[in-house]
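Subject: Structure for you to look at

Dear colleague,

Please find the structure below. My notes on it follow.

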Amino acid sequence: MGTENEYCQRRKARASAVVAGLGGLLAIRSVLPAGTPRVRGRAGLAALEKVRIGGCGQWVLERSADVANPVVLFLHGGPGTSQLTSNRRNTRDLERYFTVVNWDQRGAGKSYRAITDAGRMNIDQFVADTRELTLYLLAKFGQERLILAGHSWGSVIGALAVSRYPELYHCYIGIGQMADMAEGEAASYRWTLEQARKHRDGRAIRALERIGPPPYQGDWHRKTIIERRYVGRFGGEFHASRNGAFGLVIRSLLWSREYTLADRVNYFRGILGSMRLLWPELLQVNLFESVPEMQVPVFFMEGRYDQECPCEIAERYFESVKAPSKELIWFGRSAHLPNSEERDLFNEVMVTRVRPVASASPASP
């Protein structure tokens with residue numbers, strides 16, 4: 001029997017071998033060409049394609065076990081926070097019931113290069129891009145309407161698109177729904193400072209008191225990032241996590257089949273660049289005023305612990321918005337990302353509640 005020292009050395013050697021192996025796999029994955037895992041089934045589709053939208057190339061991922069199923073287009077959050085790979089993993093079970101489409105919006109992830117056209121980095125252009133991509137998908141799959149799902153920043157783009165072009169959509173799904181940005185930012189800051197004091201976190205208290213409540217003056221970009229970091233620390237972004245969604249992002253990027261090494265670098269460049277260009281306009285958004293009504297069925301999917309886009313404001317917006325039908329679904333173990341934090345429940349709701357609405361939706365005029 002070996003000594004304790006020899007045992008420790010063997011453990012260290014095994015751990016080093018595992019780390020080296022994972023590093024090697026990551027290195028190989030980073031240099032491989034971009035692609036996406038195949039979908040089983042004779043009518044299956046797994047397509048990663050570059051589509052010309054709004055005058056520039058933007059990347060779209062389409063996956064389905066049967067392309068005759070209803071199309072659901074997901075609009076990621078941020079601005080600039082791609083979910084192309086992470087949502088592909090989360091919605092794998094939905095591919096039997098929907099044609100699932102994830103899109104890297106201009107300036108985000110694989111579509112990062114579009115950020116160079118700074119004059120088109122505005123909310124109206126993103127809404128126009130959504131409409132143009134919708135028309136492309138409807139033509140490609142021979143359908144008259146699709147389901148539009150927006151998360152966070154994507155919920156602003158989605159609500160605006162549905163309110164302007166209701167004839168293109170079966171229904172709208174808001175996930176971590178934004179409503180009144182100015183009110184939401186103020187409420188998020190108050191909650192975060194309260195949590196810092198409750199937990200007697202001196203560093204967080206000092207940092208938050210130093211930046212003061214929004215609207216931020218001076219270096220608003222740095223101050224917003226500081227506030228968001230502490231929202232994550234106290235579980236207001238990803239419930240029961242002290243690091244927010246950072247771990248989810250890193251895991252998704254490390255093992256992504258859809259991203260090259262350059263795409264991984266551009267993922268972070270896209271978040272920072274998109275925020276600088278779009279955040280000031282986003283802070284002016286008030287959907288209570290700009291989208292008081294949607295002419296399609298509406299679903300809100302909200303995490304009970306969401307303090308990044310405070311859920312109580314989303315609930316008030318849900319109560320005020322007019323729609324042919326509407327349903328608010330609460331996720332009791334989630335914060336800002338219920339579709340990731342409770343993905344099985346999210347997928348169940350999509351199949352049992354959303355898909356029947358799409359099946360019953362009337363044809364476009």
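This is a predicted model. The notes cover some arginines, a surface patch, two peptide bonds and two backbone angles.

Arg 96 comes first. With a relative accessible area of 60%, Arg 96 is exposed, because exposed means over 50%. Arg 96 sits in the loop that runs between helix H2 (84-90) and E4, where E4 is the strand at 99-104. Leaving aside residues up to four places away in sequence, Arg 96 touches Ala 65 and Asn 69. There is also an approach between parts of the chain that are 52 residues apart: the C-alpha atoms of Arg 96 and Gly 44 are separated by 9.2 Å.

On the other side of strand E4 (99-104), the loop between that strand and helix H3 (123-141) holds Arg 113. Arg 113 is exposed too, at a relative accessible area of 70%. Together with Lys 50, Arg 52 and Arg 269, Arg 113 forms a positive surface patch. The patch takes in residues with over 30% relative accessible area and no salt bridge, so Arg 113, at 70%, meets the area condition.

Next, the backbone. Most residues other than glycine have a negative phi, and most peptide bonds are trans. The following places depart from that pattern.

Two peptide bonds leading into prolines are cis:

- Gly 78 to Pro 79 is cis, with omega near 10°. Pro 79 belongs to the loop between strand E3 (71-75) and H2.
- Pro 214 to Pro 215 is cis, with omega near 5°. Pro 215 belongs to the loop between helix H6 (202-211) and helix H7 (220-233).

Two residues have a positive phi without being glycine:

- Arg 200 has a phi of about 55°. Its loop joins helix H5 (181-198) and H6. Arg 200 is exposed, at 78% relative accessibility.
- Ala 240 has a phi near 65°. Its loop lies between H7 and helix H8 (246-254). Ala 240 is exposed, at 74% relative accessibility.

When you open the model, which residues does Arg 96 touch, beyond those up to four places away in sequence? They are Ala 65 and Asn 69. And which residues form the positive surface patch? Look for Lys 50, Arg 52, Arg 113 and Arg 269.

Regards

Note on methods:
Residues are numbered from 1 along each chain as its sequence is written. This is a predicted model: local features need pLDDT of at least 70, side-chain atom pairs count only at pLDDT 80 or more; totals for chains, interfaces and linings use all residues. Side-chain values use heavy atoms; hydrogens and water are left out. Patches are made of residues with over 30% relative accessible area and no salt bridge: like charges are joined within 9 Å, nonpolar side chains (Val, Leu, Ile, Met, Phe, Trp, Tyr) within 5 Å. Accessible areas come from the Shrake-Rupley method with a 1.4 Å probe; for residues, only the protein chains shown count as cover. A salt bridge is a side-chain nitrogen of Lys or Arg within 4 Å of a carboxyl oxygen of Asp or Glu. Lys and Arg count as positive and Asp and Glu as negative; His and the chain ends are not counted. The place of a charge is taken as NZ of Lys, CZ of Arg, CG of Asp or CD of Glu. Helices (H or I, at least four residues) and strands (E, at least two) are DSSP runs, numbered from the N terminus. Buried means under 20% relative accessible area, exposed over 50%, partly exposed in between (1.4 Å probe, protein chains only). Contact means heavy atoms within 4.5 Å.
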